[in-house]
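Here are my notes for your reading of this entry. Keep the sequence and the 3D view open as you go through the points.

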Amino acid sequence: MGGDPCIACGACCAFYRVDFHRLDLDSAPGGFVPARLAMPLTENLVRLRGTDDFPPRCVALEGEVGREVRCAIYPLRPGPCRELEPGSEACNRARRRHGLPEL
Ligand code: SF4
Ligand code: SF4
């Protein structure tokens, strides 16, 4: 999530797996993503907890999808969350899955 429409959405945070390099965790020098919110995936990759649950939902997501949400670690969220642009195909796929209109 990353823009104005996101505060009433959160669909991507409850749809996609969020994987990133373990060096981005705050347990590594220069890393910033809270390590307690991630689990090991491969030698180099970690995954935000909850994003591969069924149904998926990132543990950092607060509120109700499609109504009012907040990312509890917004300034510290990992790269994939920053790269997902509101209105992109990936955004709209997640919104459709949650019964929300496309942007
Ligand atoms: S699905 Fe789109 S609008 Fe919704 S939170 Fe993610 S980026 Fe924002
Ligand atoms: S860290 Fe924040 S922006 Fe990223 S998936 Fe979780 S709730 Fe969404």
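The points below cover the strands and then the ligand.

1. Start with the status of the model. It is predicted. Keep that in mind throughout.

2. Look at the open sheet. It has 3 strands, in the order β1-β3-β2. Their pairing is antiparallel. The edge strands are β1 (19-21) and β2 (38-40), and each pairs on one side only. From one strand to the next, the twist averages 40°.

3. Next, take the pair β1 and β3. Strand β3 spans residues 45-48. It is joined to β1 by 3 bridges, and the two run antiparallel. Which residue of β3 is the bridge partner of Phe20? It is Val46.

4. Now move along the chain to the hairpin. Strands β4 and β5 form it, with 3 residues between them. Gly66 sits in the turn and has a positive phi of about 85°. Strand β4 covers residues 61-64, and 4 bridges join it to β5. These two strands run antiparallel. Find Glu62: its bridge partner in β5 is Arg70.

5. Stay with β5, residues 68-71. Which of its residues form the covered face, and which the uncovered one? Val69 and Cys71 make up the covered face. Glu68 and Arg70 make up the uncovered face. So Arg70 appears twice in these notes: on the uncovered face of β5, and as the bridge partner of Glu62.

6. Finish with ligand 1. The residues around it include Cys6, Cys9, Cys12 and Cys91. Also among them are Met1, Gly10, Ala11, Leu84, Pro86, Arg95 and Leu103. How does this shell divide by residue type? It has 9 nonpolar residues, 1 polar and 1 charged. Gly10 is the polar one, because Gly counts as polar. Arg95 is the charged one, because Arg counts as charged.

Technical notes. Residues numbered from 1 in each chain as written. Chains lettered and ligands numbered in written order. Predicted model: local features only at pLDDT ≥ 70, side-chain atom pairs only at ≥ 80, totals over all residues. Heavy atoms only, no water. Buried < 20%, exposed > 50% of the residue type's maximum accessible area, 1.4 Å probe, protein only. Helix = DSSP H or I, 4+ residues; strand = E, 2+ residues; numbered from the N terminus. Pairing = 2+ DSSP bridges. Axes fitted to C-alpha atoms, helices over the stretch in contact; angles between N-to-C directions. Near = heavy atom within 4 Å.
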